[in-house]
Structures are given as C-alpha cells and as structure tokens.
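Colleague: I know my way around a bench better than around a model. Could you take me through this one and tell me how each label is earned?

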Amino acid sequence: MGPVQGNATDSPPSDDVWTKLDRIGALAEQMPQTALRSLNHCLDSQLMWVAYTLTRRDAAAGVDGETYEDFQIGLFERLDQLVDQAHKGTYRAPPVRRVYIPKGTGQETRPLGIPTFADKVLQRAVKTILERIYEQDFHEGSYGFRKKKSAQQAMDALRNWLIRKGGGIVLDVDVRKYFDTIDHGHLREFLKRRVADGVLLRLIGKWLKAGVLEAGQLSYPDEGTPQGGVLSASRRRRRTRAPLLANIYLHYVLDVWFEDEIKPTLEGEAILIRFADDFVLAFTSERDAQRVHDLLGPRFAEYGLTIHPEKTRQVRFQRPGCGQTPDGGAERPGTFDFLGFTLHWGKTHRGGMTVKTRTAASRLQRTITRIDEWCRKNRHGPVPAQCVTLNQKLRGHYNYFGRQGNYYALSRVYRAAQRVWKKWLSRRSRASRASFTWARFEELHSRHPLLPPRISVGVSSD
C-alpha cells in the first residue's frame with residue numbers, strides 16, 4: 001500500500017471527537033477535586049487522526065529512523081494498531097534518541113530526547129485528553145505553553161502589577177536542572193489526583209520508564225522528563241510542544257502551594273507569574289519576600305528539586321525615589337531578567353515613571369553569536385538564499401522581542417547582522433577579503449536587503 005495522499009483537511013474528524021473532549025473539560029470543571037475515570041474512550045481512531053495531523057512532518061526521526069513519509073504507508077492501519085495496543089496494554093514505549101543542543105552562548109548544552117514518530121502521535125493523543133482536564137486546574141498566573149496564553153501575556157501581567165503597586169520586592173528564582181530532576185514517583189501521585197483511568201496512567205508510566213539511547217548505549221533514568229517529548233518538555237523553539245507533565249509537576253509543587261497555603265498568610269500583596277519552569281514572585285512586603293525565599297528551598301527539596309542558591313535573588317524594584325540608602329540618598333531600583341527580557345524602571349514621554357522591558361544582554365549576545373555562526377557556515381551559499389534565511393531569523397527575533405520601548409535593542413541585532421554578514425561574505429575567498437568593501441556590501445544590500453527592526457508586540461495595560 002502506497003503513502004496516503006492529501007492533508008489534514010481531506011479527512012476531518014467527526015464532531016464526536018470534539019464533543020467527547022468538551023465533555024471531559026466540563027466534568028473536570030464541575031468536579032475539581034475528583035480523579036476522572038473512563039477517559040480512554042476518547043482514545044480512538046478519530047483522536048489519533050487529529051494527533052497525527054498535528055505532529056510535525058519535518059521533525060527528526062527517533063531510534064527506528066521512521067519519518068513522516070514512512071508512517072504514511074498503511075496510515076489508517078497504523079493508527080488503529082496504536083489504539084488497539086494502548087487499550088490492551090501491549091504498547092511498548094520505545095527508547096528516545098538523545099542528542100544535545102547548545103544552551104546559551106557558551107559550551108554548555110542541554111539534552112533533547114527524540115521519540116519515534118508513532119510514539120509522538122500516541123503521546124499527542126494522550127496529551128490532548130489531559131489538557132482538557134488540567135486547563136480547568138491551572139492557575140491564572142501559569143502561562144507556559146497553554147492555549148490562549150503566551151510569554152508576552154506573562155510579561156504584561158507582571159509589568160502591570162508592578163506599575164499598579166509602585167514596584168515591590170521581586171524574588172527571581174532559578175531551578176537547577178528542573179527537567180532532569182522531576183521525581184517520577186511524585187509525578188505519578190500528582191497525576192492520580194485528577195486521572196483515575198488505567199489506560200492513560202499505564203501509558204504515561206511506560207513513557208516515564210522508556211530508555212534513553214545515547215552513543216549506542218541504552219540507559220533507564222529514574223527521574224526527569226527528557227526534553228523533546230510531546231508530553232514531557234521541549235524548549236528548543238517557542239513553537240514546540242507543551243511540557244505538560246512538567247507543568248503539572250510545578251502546578252502542585254509551586255502554584256497550588258503558594259496560592260492556597262502561603263498567599264493567605266502574607267502581610268501584604270503578592271503575585272506569582274510562571275512560564276514553564278521560569279517564574280518570579282513579587283511582593284509589596286519585604287518581610288513576605290524573605291519568608292517565601294526561606295520556604296522555597298525546603299519546599300522544592302521535598303519533591304526532589306533544587307533552588308539554585310547563586311542565581312536566585314531578591315531584587316528591590318521600587319519606583320525610583322521611593323527607597324533610600326543608609327546615608328539618606330535616593331536608592332536606585334534594581335533590575336531583573338524574565339523570559340529573555342530585562343525589566344527596569346524608565347521615563348515615559350510625559351516624564352512619569354513606568355516599567356519597561358529591553359532584551360536581556362545574554363539573549364542579545366546569544367542571538368548575535370548564532371547569526372555569526374550561521375553566516376560563517378553558510379558563507380559560500382548563494383547570496384539570495386542567505387538573505388532569505390537571515391531575514392527569517394530576524395523576523396523571528398522581532399516577533400518575540402519587538403515590544404514597545406525595545407527598538408534600540410532590535411536595531412543592535414539588525415546592525416550586527418549586517419556586520420557579520422559582510423564579514424563572512426568577504427571571506428568567501430582570499431581575493432574577496434580586500435575587494436569586498438563596505439561600498440560593495442551596501443550595493444549588494446540594496447538588492448538583497450535585510451529586514452529592518454520593527455515593533456510587533458504592543459504593551460497591554462489593565
């Protein structure tokens with residue numbers, strides 16, 4: 001049987017699959033303290049088709065080498081087989097293929113686990129069911145990789161709170177190797193609070209115990225969720241799959257604990273804004289900030305997590321003029337980084353003070369370094385093709401970092417892209433080193449222009 005032709009619109013799922021999912025969401029909302037049973041009836045061929053159409057076609061292959069095109073051969077039989085194996089308990093989760101990707105601008109890397117294509121499809125189907133439950137449970141301050149939630153909304157919520165309160169004490173927290181240290185036992189207990197379906201729990205258990213294939217060696221870690229899985233965690237790109245299990249873990253370890261147990265006992269007001277494992281807490285009371293700071297370490301240690309002692313800090317972020325130094329002078333407010341931005345106080349056009357955002361220095365340098373490295377590796381390629389790819393990179397940068405008030409940082413990236421492109425084009429050959437002047441580059445740039453900076457993200461206010 002040859003590959004199935006067409007795309008997702010050729011065989012749309014019936015309304016029944018969406019009706020079932022909506023019913024699960026409604027039940028989860030009506031019974032917030034109940035573990036739901038009989039969820040696996042949604043895990044049928046219709047949902048598997050939806051999961052298949054949402055799985056990236058250009059993703060790297062897993063340990064079996066199977067690609068999207070390979071999986072299309074006998075597609076509907078393959079989907080039915082996955083459903084049958086999941087329900088009968090005969091599905092065997094294959095090992096993930098581990099690769100390493102750069103982390104930041106240095107030599108440090110982070111592991112990325114690549115499941116097989118079939119495993120991705122089944123994981124996505126299960127994830128679709130679980131999302132309907134946990135979307136009813138996740139707190140308002142949790143923004144990471146959720147539908148209708150974004151990093152820009154998280155930034156706006158934090159910024160607006162700080163403006164309303166005239167600043168505050170910000171607890172900037174770093175969790176050491178979060179995705180590698182999630183305890184499987186605690187995670188299973190958290191899942192059982194809302195999921196009592198044996199089929200789904202058995203599948204998740206198999207994925208947690210699936211081996212890792214690295215350099216020909218197979219190992220079986222007893223903690224962590226390998227970044228790259230549909231159900232686990234991936235931050236390689238902003239468009240990647242949601243780290244659902246990692247979100248669920250921090251939902252109970254941090255969000256529920258802070259909102260239900262800690263917040264009611266505080267002297268002043270406070271807010272928690274979290275995007276996956278990146279989070280900050282802001283307080284109107286310094287005593288509250290210090291108290292929570294002292295409690296965070298033991299709380300996280302109870303669940304196998306570690307707060308980085310050197311990277312976690314308290315920042316006095318009061319509006320300028322509100323604080324004083326010991327000698328009676330005006331205290332300069334601090335700054336802190338969150339989701340790739342540095343938050344700081346600055347003047348408005350009318351002379352007032354507001355909280356502004358600019359690209360964090362580390363992210364700015366990372367972007368420039370990656371553009372430089374790409375230009376070096378691809379300097380011998382056709383110039384028009386180089387221009388197209390560079391503009392794709394610049395457009396992606398502008399789309400995320402193009403917040404109001406951040407134009408200067410965008411222009412630095414634009415000028416750096418011009419500079420490194422010119423540098424590596426001049427090194428295509430020995431002769432071009434001296435002959436490829438700035439005048440020649442300007443002439444080339446007029447025919448193949450790089451995308452200029454643009455503000456693409458408005459700043460919302462309450």
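**Helices in contact**

Modeller: Let's start where Asp119, Leu122, Gln123, Val126, Ile129 and Leu130 in α5 meet Leu200, Leu203, Ile204 and Trp207 in α8. Keep in mind that this is a predicted model, in which local features need pLDDT of at least 70 and side-chain atom pairs count only at pLDDT 80 or more, while totals for chains, interfaces and linings use all residues. Residues are numbered from 1 along each chain as its sequence is written, and side-chain values use heavy atoms, with hydrogens and water left out.

Colleague: How do you know that residues in α5 and α8 meet?

Modeller: By distance: contact means heavy atoms within 4.5 Å. The residues of this contact of α5 with α8 divide into eight nonpolar, one polar and one charged. The classes are fixed lists: Ala, Val, Leu, Ile, Met, Phe, Trp, Tyr, Cys and Pro are nonpolar, Asp, Glu, Lys and Arg are charged, and the others, Gly among them, are polar. Asp119 is therefore the charged one and Gln123 the polar one.

Colleague: And what makes α8 a helix, with residues 198-209?

Modeller: The names come from DSSP runs: helices are H or I over at least four residues, strands are E over at least two, and both are numbered from the N terminus.

Colleague: Why is α5 called oblique to α8?

Modeller: Their axes come within 11 Å and cross at roughly 130 degrees. Axes are lines fitted to C-alpha atoms, for helices over the stretch in contact, and angles run from 0 to 180 degrees between N-to-C directions. Under 35 degrees is roughly parallel, over 145 roughly antiparallel, 65 to 115 roughly perpendicular, and the rest oblique. The angle fits none of the named ranges, so α5 is oblique to α8.

Colleague: Then what makes α5 and α9 roughly parallel?

Modeller: Helix α5 (residues 117-134) and helix α9 (residues 244-262) pack at an angle of about 25 degrees, with axes 11 Å apart. That angle is below the parallel limit, which is why the pair counts as roughly parallel. Here Lys127, Leu130, Glu131 and Tyr134 of α5 touch Leu244, Ile248 and Tyr252 of α9. By class, this contact has five nonpolar, no polar and two charged residues.

Colleague: Why is the crossing of α5 and α9 called left-handed?

Modeller: The term means that the near helix is turned anticlockwise from the far one by less than a right angle; clockwise would be right-handed. The crossing of α5 and α9 is of the left-handed kind, and α5 passes α8 in a left-handed crossing too.

Colleague: How do you know that α7 is roughly perpendicular to α9?

Modeller: Helix α7 (residues 184-192) packs against α9 at about 80 degrees, with axes 10 Å apart. This lies inside the perpendicular range, so the label follows. On the α7 side you will find His186, Leu187, Phe190 and Leu191, and on the α9 side Leu245, Ile248, Tyr249, Tyr252 and Val253. Eight of these residues are nonpolar, one is polar and none is charged.

**Strands and a salt bridge**

Colleague: What makes β1 and β4 a pair?

Modeller: Two strands pair if DSSP finds at least two bridges between them. Strand β1 (residues 96-102) has two bridges to strand β4 (residues 212-214), which runs parallel to it, and therefore meets the cut-off. Val96 stands opposite Val212 there. Six bridges join β1 to strand β2 (residues 109-114), this time antiparallel.

Colleague: Why are β6 and β8 called edges?

Modeller: The open sheet has the order β6-β7-β3-β8, with antiparallel pairing. Each of β6 (270-275) and β8 has a single partner strand, so one side of each has no neighbour in the sheet. Six bridges link β6 to strand β7 (residues 278-283), and Phe275 faces Asp278. Helix α9 lies across both β6 and β7.

Colleague: How do you know that Asp172 forms a salt bridge with Arg313?

Modeller: The rule asks for a side-chain nitrogen of Lys or Arg within 4 Å of a carboxyl oxygen of Asp or Glu. The closest N and O atoms of this pair are 3.9 Å apart, so the pair qualifies. Asp172 sits in strand β3 (residues 169-173) and Arg313 in strand β8 (residues 313-316), 141 residues apart. The structure holds 21 salt bridges.
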